[in-house]
Amino acid sequence: MSQNKKELEIVQHTQMNFLEIFLIEMVSRQPHGHEDLEIGLILDGDIRLYLDSDSFLLKPGDIYIINRYQVHALSAAGRKSLALAFQTDTEFYRRINPALESVQIESNLIHSGALHNVMYEGLLSCASCYFSGETNYELRCASILLDVLYHLLSSAHCRSASESEQRIARSNSARLNRITDFISENYTRKISLQDIAEREGITACHASHFIRRMLGISFQDYLNNKRFEHAYRLIRASKADFNILDICLEAGFSSSRYLNQMFEKKLGCTVKEYRRAEKEPAPISPSLPADNYERKYEFEKAREKLNSLFA
């Protein structure tokens with residue numbers, strides 16, 4: 001495997017050579033990009049999709065499309081949400097028509113209409129077949145998926161990306177994955193833009209502009225979001241009294257003052273006020289997720305869950 005391949009989020013296709021379908025209970029997924037085309041179908045709850053520095057609220061039944069190397073993030077908007085994610089290897093359709101490798105789908109969200117109805121039924125049918133494990137299910141899945149892609153490319157707004165655009169998108173996706181992975185691995189200690197710049201072989205100024213351009217927020221804001229999400233989960237999980245300083249240190253905050261500032265910003269109250277409240281405070285204000293907190297159903301559990309939903 002090449003070094004460039006390692007730098008991207010690699011989707012492991014364990015059931016089929018070209019397709020992996022995940023049933024996901026979504027809480028949050030930090031910004032990332034990958035080589036596969038991704039199509040998602042919201043089954044339950046609301047999900048906020050962060051795409052190209054914008055955010056979109058998706059409802060049950062909505063469909064989203066993520067192009068190759070397109071940076072995106074996901075988070076549940078309220079309670080946990082359930083989604084089907086279809087990850088398709090480019091080789092699947094590139095071998096049919098090499099020109100399809102450069103296609104960029106610009107209609108990233110599909111809420112209703114004829115195309116939505118065809119894709120919705122097709123995706124559910126494909127997932128049902130995939131998790132059935134019946135003889136030759138791979139051929140049936142391939143047939144259904146090709147039909148879904150045919151309708152998508154025939155009806156949605158698409159364009160052909162140049163080789164230069166594809167190369168830049170791949171490079172940006174790989175760099176951002178390295179940066180967010182580094183932050184995930186080191187946010188509990190003191191880290192700076194200079195640390196990232198040195199790892200990437202660029203200046204701190206370049207690193208700062210890159211992060212803001214790709215994420216829509218500054219490095220420090222993203223880092224603080226990461227630390228807050230960790231502290232918030234620790235505090236919610238704590239059934240007994242806790243040492244706030246220990247929570248701060250474990251989450252990477254240098255003092256309780258900074259943690260309280262984040263709580264007031266996100267929830268409108270201090271940590272102590274949050275703990276003492278008899279009722280849950282107002283929902284956390286939407287912000288770019290900086291953590292990976294999701295449950296991917298195992299194969300058998302996914303089949304059981306889908307059967308219960310659509311029995």
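Trainee: How much space lies in the second largest pocket?

Mentor: About 480 Å³, a volume being the space filled by probe spheres set on grid points joined across faces, edges and corners. This is a predicted model, where local features need pLDDT of at least 70, side-chain atom pairs count only at pLDDT 80 or more, and totals for chains, interfaces and linings use all residues. Residues are numbered from 1 along each chain as its sequence is written, and side-chain values use heavy atoms, with hydrogens and water left out.

Trainee: Which of the lining residues are closest to the centre of the second largest pocket?

Mentor: Of 22 lining residues (an atom within 4 Å of a point), the closest are Asp 52, Tyr 69, Gln 70, Gln 104 and Ala 169. Helix α5 gives the most, five residues.

Trainee: Why is His 230 called buried?

Mentor: Buried means under 20% relative accessible area with a 1.4 Å probe, protein chains only. His 230 has 16%, so the word applies. His 230 sits in helix α8 (residues 219-237) and touches Tyr 187, Thr 188, Glu 250 and Ala 251, not counting residues up to four places away in sequence; contact means heavy atoms within 4.5 Å.

Trainee: What makes α5 and α7 roughly perpendicular?

Mentor: They pack at about 105°, with axes 11 Å apart. Angles of 65 to 115 degrees count as roughly perpendicular, so α5 and α7 earn that description. Among the residues making the contact are Arg 175 and Leu 176 of α5 and Phe 210 and Ile 211 of α7.

Definitions and conventions
On a 1 Å grid over the protein atoms alone, a cavity is a set of points where a 1.4 Å probe fits but cannot get out, and a pocket is an open set with protein on both sides within 12 Å along at least five of seven lines; lining residues have an atom within 4 Å of a point. Helices (H or I, at least four residues) and strands (E, at least two) are DSSP runs, numbered from the N terminus. Buried means under 20% relative accessible area, exposed over 50%, partly exposed in between (1.4 Å probe, protein chains only). Axes are lines fitted to C-alpha atoms, for helices over the stretch in contact, and angles run from 0 to 180 degrees between N-to-C directions. Angles under 35 degrees count as roughly parallel, over 145 as roughly antiparallel, 65 to 115 as roughly perpendicular and the rest as oblique.
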